[in-house]
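I opened this notebook page to record what I looked up in the structure, entry by entry. The sequence and the coordinates come before my notes.

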Amino acid sequence: MANHDRPLSPHLSVYSWQVSNGLSILHRMTGFVLFTGAFLFALWLTAAVIGPETYDLIMGILCSWFGQLVLFGYTFCFYYHFCNGIRHLGWDIGLGFGKDTAVKTGILVVIVSSLLTLGTWAILLGGAA
Amino acid sequence: MKYRAPLKNALGLGSAKSGVHHWWIQRLTAVGLIPLTLWFVYAIATGCLDVSSYESAREFIAKPMHAILLILLTFTMLHHSQLGVQVIVEDYVHGGLKTITLIASKFAHIAAGVAAIYSIIVISLSTIPGAAS
């Protein structure tokens with residue numbers, strides 16, 4: 001019979017925080033946020049078929065300061081998950097596994113995704129002004 | 001039992017069985033999402049897709065090439081999302097609640113996918129395509 005008292009993975013509390021596991025959990029967290037983003041994407045398309053009233057209602061929420069803040073968060077989650085996902089795909093084919101390399105690419109991913117987020121919003125807000 | 005060849009014991013009885021399928025599809029959809037999401041973000045950033053207006057959004061969705069890419073994006077993204085949520089639920093939710101959560105997640109992903117793809121097709125069919133796409 002299964003022993004129900006045995007520990008279950010992941011054992012989050014037994015590790016000290018480092019770049020590698022910090023970015024790994026961030027990958028999972030951003031992935032989870034993007035799951036709700038995928039549903040928002042489906043909602044956007046569905047609203048566009050239901051009619052202008054529904055569409056404008058949803059756009060009104062997204063264009064409010066709160067909505068914009070949420071979308072800014074989604075943008076970072078997307079770019080981070082995108083860049084770190086490529087880092088993961090590199091590992092899958094055996095690239096960049098070295099300890100120092102993994103830390104360096106991890107920091108690079110955070111910098112690049114932050115810059116892409118800011119750059120994208122600079123273009124979006126610049127275009128609207 | 002003692003007459004069984006090692007191959008017979010190994011076939012279909014390994015601990016993994018079809019376990020690698022989930023891992024592999026998660027990678028395949030990830031690779032597919034690289035060009036698809038880049039295209040979508042590019043469309044928004046360049047103003048090609050203006051989501052703020054109902055008419056302009058529908059106009060964008062209705063273009064044949066856009067509709068095809070949007071359907072591909074919807075399918076690949078929600079498939080990838082479902083696989084990811086499944087892993088998270090399996091790690092943090094236990095017992096009967098795990099099964100319920102997994103089923104609910106799968107149903108919700110399929111419902112969102114059907115709604116999105118239906119919407120893309122209906123918008124495409126209800127809008128007369130222009131000369132340029």
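Which residues of α1(A) are buried? I worked from a predicted model, and I list the buried residues as H27(A), T30(A), G31(A), L34(A), F35(A), G37(A), A38(A), F41(A), A42(A), L45(A), A47(A) and A48(A).

Entry on the helical repeat. I noted the general rule that an α-helix has 3.6 residues a turn, so residues three or four places apart point the same way.

Entry on the packing of α1(A). I next looked up what the buried residues of α1(A) pack against. Within chain A, I found α2 and α3. From chain B, I found α3 (54-62), α4 (64-92) and α5 (96-126).

Entry on the length of α1(A). I checked the span of this helix against its residue count. With 32 residues at 1.5 Å a residue, α1(A) should span 46 Å, and I recorded that its end C-alpha atoms are 46 Å apart, which agrees. Just after α1(A), I noted that G51(A) takes a positive phi of about 155 degrees.

Entry on the chain as a whole. I counted four helices and zero strands in chain A, and I wrote its pattern along the sequence as α-α-α-α. Of the 129 residues in chain A, 21% are buried. I also looked at contacts in chain A between residues at least 6 apart in sequence, and 69% of these join residues at least 24 apart.

Entry on the contact between the chains. How many residues does each chain bring to the contact? I recorded 30 residues from chain A and 28 residues from chain B. On the side of chain A, α1 (19-50), α2 (52-63), α3 (65-92) and α4 (99-128) each supply at least two residues. I noted that α1(A) gives the most to this side, with 14 residues. By class, I found 21 nonpolar, six polar and three charged residues on the side of chain A that touches chain B.

Entry on α3(B). I then turned to the partner chain, where the buried residues of α3(B) are A57(B), F60(B), I61(B) and A62(B). I found that their cover includes α1 of chain A together with α4 and α5 of chain B.

Entry on confidence. I recorded a mean pLDDT of 91 for chain A, with 88% of its residues at 70 or more. Among the elements of chain A, α4(A) has the lowest mean pLDDT (93) and α3(A) the highest (97). I kept in mind that, where pLDDT is low, the predicted coordinates should not be read in detail.

Definitions and conventions: Residues are numbered from 1 along each chain as its sequence is written. Chains are lettered from A and ligands numbered from 1 in the order in which they are written. This is a predicted model: local features need pLDDT of at least 70, side-chain atom pairs count only at pLDDT 80 or more; totals for chains, interfaces and linings use all residues. Two residues are in contact if their C-beta atoms, placed from the backbone, lie within 7 Å. Ala, Val, Leu, Ile, Met, Phe, Trp, Tyr, Cys and Pro count as nonpolar, Asp, Glu, Lys and Arg as charged, and the others, Gly among them, as polar. A residue is buried if 20 or more other C-beta atoms lie within 10 Å of its own, exposed if 12 or fewer, and partly exposed in between; C-beta atoms are placed from the backbone. pLDDT is the predictor's confidence in each residue, from 0 to 100. The expected span of a helix is 1.5 Å times one less than its number of residues.
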